[in-house]
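Let's take a walk through this one, starting with a small local feature and working outwards. Have the viewer open and follow along.

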Amino acid sequence: MLTRLFLEAATAVTRRLESAGLPLTATEAREYVEIFRSDNGQGWSYGEEDRDVNILRSYEHDLDAACPLLDDAAQARLRDCAARMAQGMDTAPFDAFLSPGRDLLAARNDRLPDQEFADDPAEWLARHVLTAALREHLGALPSVASAGPAEAEAFSTEVLEVSSAEAQTGVVRVFLDGLDLAADEYTEGAVTLRRITADEMIPFFRGSGWDEDDPPETVLQLPVTSPRGQTPQPANGAAQALVTALQLHGYRCAGPSARQDAAPSWVSGGWQPLSLIVPAYDDGWRTRHTKHHCIDAEGFRTVVATSRRLGRQDLIRPQSSRDLALHRFSLGLSRDHDSNADAILDFTIALEALLLPYDANARRGDLSYRFRMHGAHYLAPAPDARRDTAKSLTRIYETRSRLVHGGKYPAEDETAEVRDHAYELARRGLLRAVTEGFPTAEAFNGMVLGSS
């Protein structure tokens with residue numbers, strides 16, 4: 001049924017284009033990126049070249065014609081398929097608000113009224129599933145005249161999968177730099193970390209905020225699902241958990257550029273940008289972090305395991321002191337190279353939230369002492385390292401007080417050094433807390449008294 005529809009639609013569109021005097025393909029300038037990888041790193045070249053493209057994907061030809069691309073017979077076939085698909089279907093496959101295949105059914109000046117699935121499931125499927133999928137699959141051909149049985153079968157399979165799925169699917173891609181992969185791709189469960197493709201790199205040469213000399217090199221990718229018939233919600237939380245897990249394990253990556261796409265791409269809703277707490281990949285970040293951090297398969301497996309533990313925390317909109325500790329840690333990392341003071345405040349708040357859980361028996365004036373003692377025992381389990389850790393914590397706390405409460409304001413070289421110490425202690429402490437569970441006031445008392 002659907003394979004026949006695809007082949008008849010391809011024939012109908014071919015006839016329409018020919019009768020309108022339009023070519024099936026057009027030669028147009030298209031951007032390209034070539035990626036070169038070697039033992040010495042990665043390079044790329046970017047430019048434009050003339051390519052023959054399917055007229056349905058042309059930038060220069062207006063297909064919003066005086067008549068629809070499908071003739072009456074093809075439209076009748078399409079609606080017959082939609083009616084058969086609608087039998088027994090009581091829920092829309094997805095929440096539709098775009099109709100990318102409009103020109104298959106309507107001419108330039110024709111108005112297609114809004115269509116609700118509950119009012120007419122068959123017409124809804126015709127508008128939002130069949131025409132959208134047809135437009136995408138026909139446009140992916142070298143030309144519409146090249147449609148064959150294999151392409152028709154691929155169209156049929158995808159339409160049926162989308163229409164019968166229990167949930168709407170999508171994919172989140174977080175574009176990052178600062179990571180060096182020992183292989184092209186790692187996959188752990190449903191999460192993938194891979195090198196960027198040439199096609200994915202092209203948009204970063206269009207004024208997207210990245211330096212044209214340094215586009216991102218890696219992509220963190222994860223699937224998302226939403227209930228059938230509902231608008232997909234942004235998966236900021238899951239993506240942030242993975243980025244924060246990388247940060248906790250010491251992988252200094254930067255961005256941010258993240259997007260959530262429908263899958264397949266013709267499904268209504270398209271894509272949406274995601275806002276994450278990740279350092280901006282700018283000149284300041286490159287000045288501070290010139291080396292890439294190499295991550296292997298085992299390291300990625302550990303990162304994903306940590307991200308699953310972080311899934312219980314709200315890292316973007318904190319709802320507890322534990323959330324706040326992780327949130328401010330990520331904020332501290334996101335500060336640019338001229339914001340050492342802000343970063344120190346962030347990391348110190350993260351350490352306070354970790355090391356100073358509420359204790360009804362503790363006095364307010366004991367905060368700095370408890371901060372130092374709790375941290376020395378928690379962050380340096382080995383007794384011979386606790387003295388140095390306590391000194392570092394004292395310096396961090398005193399610097400934070402000078403920044404906030406006055407006194408001799410610290411010099412820039414001092415704040416840069418304290419920032420690095422505060423980052424490392426916060427990272428180690430929070431990683432332990434996420435892995436083992438956040439310590440309680442009772443646990444700290446036991447550590448200090450030597451009973452645990």
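Which residue in the turn of the hairpin formed by E5 and E6 has a positive phi? That's Gly189, with a phi of about 65 degrees, and the hairpin has two residues between its strands.

Before going further, some housekeeping: residues are numbered from 1 along each chain as its sequence is written. This is a predicted model, so local features need pLDDT of at least 70 and side-chain atom pairs count only at pLDDT 80 or more, while totals for chains, interfaces and linings use all residues, and side-chain values use heavy atoms, with hydrogens and water left out. As for the element names, helices (H or I, at least four residues) and strands (E, at least two) are DSSP runs, numbered from the N terminus.

Back to the hairpin. Strand E5 (residues 185-188) runs antiparallel to E6, and four bridges join them; strands count as paired if DSSP finds at least two bridges between them. If you want a register check, Tyr186 sits opposite Leu193 in E6. E6 also has a partner in strand E7 (residues 218-227), again antiparallel and joined by four bridges. There, Thr192 has Gln221 in E7 as its bridge partner. E6 itself (residues 191-195) is mostly covered, with four of its five residues buried. Buried here means under 20% relative accessible area, exposed means over 50%, and partly exposed is in between (1.4 Å probe, protein chains only).

Now for the charges. A salt bridge is a side-chain nitrogen of Lys or Arg within 4 Å of a carboxyl oxygen of Asp or Glu, and the whole structure has 24 of them. Arg194 makes one with Glu200, where the closest N and O atoms are 2.6 Å apart. Glu200 also pairs with Arg173, at 2.8 Å between the closest N and O atoms. Since Glu200 lies in helix H6 (residues 198-201) and Arg173 in strand E3 (residues 167-177), this pair ties together parts that are 27 residues apart in sequence. How covered are these side chains? Glu200 is buried at 10% relative accessible area, Arg173 is buried at 16%, and Arg194 is buried at 11%. Zoom out a little and you'll find Arg173, Arg194, Glu200, Arg259 and Asp261 linked in a network of salt bridges.

Another pair to look up is Arg15 with Asp71, whose side chains meet in a salt bridge at 2.9 Å, N to O. Arg15 is in helix H1 (residues 2-19) and Asp71 in the loop between strand E2 (41-54) and helix H2 (72-86), so the contact ties together parts that are 56 residues apart in sequence. Arg15 is partly exposed, at 47% relative accessibility, while Asp71 is buried at 18%.

On to the nonpolar side. In soluble globular proteins, nonpolar side chains tend to be buried together. A nonpolar core here is a set of buried Ala, Val, Leu, Ile, Met, Phe, Trp, Tyr and Cys residues joined through side-chain atoms within 4.5 Å. The largest has 63 residues, and those with the most contacts inside it include Val174, Leu220, Phe329 and Leu430. Helix H14 (residues 412-436) supplies the largest share of this core, nine residues. A second, separate core has 44 residues, among them Phe117, Val129, Ala152 and Ala262.

Phe329 is worth clicking on. With contact meaning heavy atoms within 4.5 Å, and leaving aside neighbours within four places in sequence, Phe329 touches residues including Gln247, Phe347, Tyr423 and Leu430. Thr244, in helix H7 (residues 236-248), is buried at 0% relative accessible area. With the neighbours within four places set aside, Thr244 is in contact with Leu310, Leu315 and Ser330.

Next, helix H13 (residues 383-405). Its expected span is 1.5 Å times one less than its number of residues, so its 23 residues should cover 33 Å, and the end C-alpha atoms are indeed 33 Å apart. Its buried residues include Leu393, Ile396 and Leu403, and their cover includes helix H11 (340-355), helix H12 (367-379) and H14. After H13 comes Gly406, with a positive phi near 105 degrees.

Finally, the overall view: the protein chain has 15 helices and 10 strands, and 48% of its 452 residues count as buried. Its C-alpha atoms fill a box of roughly 85 × 50 × 40 Å along the principal axes.
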